[in-house]
Amino acid sequence: MSTAMKFDPKRTVSELKELRELTGDENGAQRVAFTPQWVKAREWLRQKLSGLPVEVHQDAAGNLWSTLRGDSDRALLIGGHMDSVPNGGWLDGCLNVLAGLEILRRIDAQYGGKPPVTVRLVDWADEEGARFGKSLFGSSACSGNLDMQEARGLQDRDGIRLPDALSGHGIDFERVKESGRELEHAAAYLELHIEQGPVLLDLDLPLGAVLGTFGVERHAITFRGQAAHSGSTPMNRRRDAFRAAARMSPEIYAIGERSNGGVCTIGSCTTKPGIVTSVVEECRLTLDQRHLDPGALARMLREARDASERFAADGNVQVAWERLWQIEPVPFHPELIDLCAAAIADTGGTSYRLPSGPLHDAAEVARAGVPTVMMFVQSLHGISHNKIEDTREEHLEQAVVAFDKLADRTLAWISAARPETTVRG
Ligand SMILES: [Zn+2]
């Protein structure tokens, strides 16, 4: 039998500080996945779990699962990630895990170690992709979406290949997708995360229910004109690639502004020949467009293409588009979004709903077909992946309370559903 611990959100805050002491330095958190500091963070987590009647194992992709067996195999999953970027913040990822740990304690105490459904805490491996440049490694292996060929070739800065780094942690790269069996009885997935943006801060709200993660369309747009002498070529004789790009740019921002919640970013602009005495022959922009609604995202892309072609024709230059990357929007489960909003209202908050610009492990779990929702807690400065990342302690505590209420409601939701209505299992 377990030594039951009373639910205490203050403990989550003090454990976050403990972890910061253990695995951070004056520049911030240093828990980069598959490094000794990350291993240390996980050992610390295992110690914390050792007081609970949970079975702990690492899956084929290096994700760490802690399972509190219930009367039913159908499982409530709560997830996060202990890994951080180098010089990272003290909350990104580990808040999720430690809030989940506190909920495990509460559920264990409430049900005498045997809840009505199974409850599992997962610490995803390498969410950040800081070392090999590929984020959501563990969760995308588990969801089945990991591109094996691409991942096989990844190397870190020292030329160490991802498969070799993994084998040092007991992971056989060729078998990472076997981790998918962990989702067999998954009935719902919950993740608490800091917002990492300024939306809740600007609204002066501590918490938000997340609608889903943005879809992304990422393209390079190249305008081609003709290089010509900057002194001898009259304005009306020029085929200026930069001018066409420059005239298109305000239209791109307008597309973002009228998209009802989407964003457009021109992240880079390079010119050739790129010298002060020449009209620009070639101008290459990169464009990143995001929206939660697939129709709106497609429209944003179409409008941007139309604008590029219009200004290219106008300036007597050519334009070509190349897709760099794309992912569809991942909407979360409508009933779980409602439960999340209700849990926030239960703690006295306004239940605001917002999309997530960044991707999260939750998106991979949702793509695997598991009903999913996330809860956001306000970020001070609206900033993350930086040692100044912070959230007020009272908001952290409120987040743990609200997230626990969400877990409670979701547990009841799973129990009430007929088994055949679950997506997998
Ligand atoms: Zn994160």
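**View 1. Two domains with centres 38 Å apart.** In this predicted model, 38 Å separate the centres of domain 1 and domain 2, taken over C-alpha atoms. Domain 1 is made of two segments, 9–213 and 329–421. Domain 2 covers 215–327. Five residues from domain 1 and nine residues from domain 2 make the contact. On the domain 1 side, three of the touching residues are nonpolar and two are polar. No charged residue appears on that side.

**View 2. The whole chain.** The protein chain holds 12 helices and 15 strands. Its radius of gyration is 24 Å, close to the 22 Å that the globule rule gives for 425 residues, so the chain is as compact as a globular protein of that length. Along the principal axes, the C-alpha atoms fill a box of roughly 90 × 45 × 45 Å. Of the 425 residues, 50% count as buried. Take the contacts between residues at least 6 apart in sequence: 78% of them join residues at least 24 apart.

**View 3. Strand β15, covered on both faces.** Strand β15 spans residues 372–377. Six of its six residues are buried, so the strand is largely enclosed by the rest of the structure. In a regular strand the side chains alternate between the two faces of the sheet. On one side of β15 sit T372, M374 and F376. On the other sit V373, M375 and V377. Both sets are buried.

**View 4. The strands that pair with β15.** Strand β7, residues 186–194, pairs with β15 in the parallel sense. Six bridges link β7 and β15. Among the paired residues, Y189 has T372 of β15 as its bridge partner. Strand β8, residues 207–213, also pairs with β15, but in the antiparallel sense. Four bridges link β8 and β15. Here L207 stands opposite V377 in β15.

**View 5. The largest nonpolar core.** This core has 99 residues. The residues with the most contacts inside the core are L76, A188, C340, M375, A399 and F403. Helix α12, residues 393–416, gives the most to the core, with 11 residues. M375 is also one of the buried residues of strand β15.

**View 6. Around A188.** Leave aside the neighbours of A188 within four places in sequence. The contacts of A188 are then L76, L77, L336, V370, P371, T410, W413 and I414. A second, separate core has 24 residues. It includes A241, M248, A312 and V319.

**View 7. Strand β9, with one buried face.** Strand β9 spans residues 215–224, and its side chains alternate. G215, E217, H219, I221 and F223 point to one face and are buried. V216, R218, A220, T222 and R224 point to the other face and are not buried. Which face of β9 holds the charged residue E217, and is that face buried or not? E217 points to the buried face, alongside H219.

**View 8. The strands that pair with β9.** Strand β11, residues 282–291, runs antiparallel to β9 and is joined to β9 by 10 bridges. G215 stands opposite H291 in β11. Strand β12, residues 318–327, also runs antiparallel to β9, and nine bridges join β12 to β9. I327 in β12 is the bridge partner of V216.

How values were computed. Residues are numbered from 1 along each chain as its sequence is written. This is a predicted model: local features need pLDDT of at least 70, side-chain atom pairs count only at pLDDT 80 or more; totals for chains, interfaces and linings use all residues. A residue is buried if 20 or more other C-beta atoms lie within 10 Å of its own, exposed if 12 or fewer, and partly exposed in between; C-beta atoms are placed from the backbone. Helices (H or I, at least four residues) and strands (E, at least two) are DSSP runs, numbered from the N terminus. Two strands pair if DSSP finds at least two bridges between them. Domain bounds come from an automatic or database domain assignment. Two residues are in contact if their C-beta atoms, placed from the backbone, lie within 7 Å. Ala, Val, Leu, Ile, Met, Phe, Trp, Tyr, Cys and Pro count as nonpolar, Asp, Glu, Lys and Arg as charged, and the others, Gly among them, as polar. A nonpolar core is a set of buried Ala, Val, Leu, Ile, Met, Phe, Trp, Tyr and Cys residues joined through C-beta atoms within 7 Å. The radius of gyration is taken over C-alpha atoms; the globule rule is 2.2 Å times the number of residues to the power 0.38.
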